[in-house]
Amino acid sequence: MEELNSHGTRQMKVRLTGFGGLSTFIRPPLHRLKSTPCALSSSVLFSSSSPPASQSHQVPLFLRVPKYATPVSDLQKWYSWASDLAASVGSTFLVSDNGPDSSLLCRELRWLLEDALQEDIDPSLIHQVGVNSAQREVNLKTGIEDLYKLWIQRIEERRPFQYIVGCEHWRDLVLCVQEGVLIPRPETEIIIDLVADVISSNRGLKEGFWADLGTGSGAIAIGTARALGGCGNVIATDLSPVAVKVASFNVQRYGLQGVVEVREGSWFEPLKDVQGKLAGLVSNPPYIPSENIPGLQAEVGRHEPKLALDGGVDGMDHLLHLCQGAASMLRTGGFFALETNGEKQSKLILDYMEKEHRGTFYNAKAVPDFAGVLRFVTAFRV
């Protein structure tokens, strides 16, 4: 499907968007991003060890304590082995399911090294030669044995790189992610732009209650809260207990506990106390048709939560449910924005609103993503 393999560029990021491929980009060094609010210890919600993929909680690699003293020579051997393994992939994954090629895997390897090293260590030491440099010890945030295991998982199991390092760069955020939580995509960033545009011309919406349904990592909720500038409040809901914990952790990292409240539950169930009072409702729900799940990129289909991907037979189940719920949850003049699988689903939603909710919404329209594909539906409550 065209919608699953769209491409676009923005802000110097190389984007592979849609669920046909994981979003990837040239990310800024983490040491420049660690000035973001991070007063809470990672031990608040996550165990402090380096867990296997099946464990419930994962400490993002860049937040771990660099307590593993390792000879530079051992690190160089690992890097050389990992580079050879990445190079051996060639274009195999790209041809089979639009997966990463060797070039991307080599970039990811450099990012993994950067995250694993103590902050004041220059990653270029990996290329230094000579007895003095080889005998020198450096501190790592995970053991050298774990680095071997992680890279095998990346190549042989096609485990997403974001799960390997435990974070994803999204807009100006570094969000913690792990198995059981959808990795936020670049195209979803547009929802925050839509929110910012709406509230810039409507002060009443800026000061109201907003809801992010199916929050996952909390990306949209946090982005919305930052767009509101402290004037409004956001309620983020998710059915997954793991997602609730991860979203709560990300909310706390950015100091938004008093602005964003994370609630566990399915869609509108946790929002009964604000029915008819919402100024805004935003969501990136599951919208992949069930029969398309097996054909997704291995990183997505094998590892990301099916709960966050599967939208039913035609991918419309949750989209229509959210559209229907918006009619009763939004206050007069309230705004909503939904992400869809593309033009076909966007038009189906617009038709549904016209036929089933005539007179309930106004200014309903489909909005394109970075590649020009109509991916979002927005509207206002009458």
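Trainee: Where is Arg171 found?

Mentor: In this predicted model, Arg171 sits in the loop that joins β5 (167–170) to β6 (173–176).

Trainee: Why is Arg171 called partly exposed?

Mentor: Its relative accessibility is 27%. Buried means under 20% and exposed means over 50%, with partly exposed in between. The value for Arg171 is 27%, so Arg171 counts as partly exposed.

Trainee: What is notable about phi of Arg171?

Mentor: Phi of Arg171 is near 50°, which is a positive value in a residue other than glycine. Most residues other than glycine have a negative phi. Trp267 also has phi near 50° and is likewise not a glycine.

Trainee: Where is Trp267, and is Trp267 buried or exposed?

Mentor: Trp267 is in the loop between β9 (260–264) and β10 (278–283). Its relative accessibility is 13%, and the cut-off for buried is under 20%, so Trp267 counts as buried.

Trainee: What makes Asp369 buried?

Mentor: The relative accessible area of Asp369 is 6%, and buried means under 20%, so the label follows. Asp369 lies in the loop between β12 (361–368) and β13 (374–381). The C-alpha atoms of Asp369 and Glu187 are 6.1 Å apart, although 182 residues separate the two along the chain.

Trainee: How do you know whether Arg107 is buried or partly exposed?

Mentor: Arg107 has 21% relative accessibility, and buried requires a value under 20%, so Arg107 counts as partly exposed. The residue belongs to helix α3 (residues 102–116). Between the C-alpha atoms of Arg107 and Ala86 there are 9.8 Å, with their positions 21 residues apart along the chain.

Trainee: What makes Ala225 buried, and which residues does Ala225 touch?

Mentor: At 4% relative accessibility, Ala225 is under the 20% cut-off, so Ala225 counts as buried. Ala225 lies in helix α9. Leaving out residues up to four places away in sequence, Ala225 touches Gly230, Val234, Leu256, Val259 and Val260.

Trainee: Which residues touch the most other members of the largest nonpolar core?

Mentor: They are Leu75, Trp78, Leu112, Trp151, Trp210 and Val260, in a core of 71 residues. Helix α1 (residues 72–89) gives the most to this core, with 8 residues.

Trainee: Why is this core said to lie between domain 1 and domain 2?

Mentor: Domain 1 (2–165) and domain 2 (189–381) both give residues to this core, so the core lies between them.

Trainee: Which residues does Trp78 touch?

Mentor: Not counting residues up to four places away in sequence, Trp78 touches Leu109, Leu112, Leu113, Ile144, Leu147, Tyr148 and Trp151. Apart from the largest core lies another, of 32 residues, among them Tyr287, Leu322, Phe336 and Met353.

Trainee: How much space lies in the largest pocket, and which residues are closest to its centre?

Mentor: About 440 Å³ of space lies in the largest pocket. The lining has 30 residues, and the closest to the centre are Gly214, Thr215, Gly216, Asp238 and Ala308. Both β7 (209–213) and α9 (219–228) supply at least two residues of this lining.

Trainee: What makes Gly214 count as polar, and how does the lining divide?

Mentor: Gly is among the residues counted as polar, so Gly214 is polar by that rule. The lining divides into 15 nonpolar, 13 polar and 2 charged residues.

Key: Residues numbered from 1 in each chain as written. Predicted model: local features only at pLDDT ≥ 70, side-chain atom pairs only at ≥ 80, totals over all residues. Heavy atoms only, no water. Core = buried A, V, L, I, M, F, W, Y, C linked by side-chain atoms within 4.5 Å. Buried < 20%, exposed > 50% of the residue type's maximum accessible area, 1.4 Å probe, protein only. Helix = DSSP H or I, 4+ residues; strand = E, 2+ residues; numbered from the N terminus. Domains from an automatic or database assignment. Contact = heavy atoms within 4.5 Å. 1 Å grid on protein atoms, 1.4 Å probe; cavity = no way out; pocket = protein on both sides within 12 Å on 5 of 7 lines; lining within 4 Å. Points joined across faces, edges and corners; volume = space filled by probe spheres on them.
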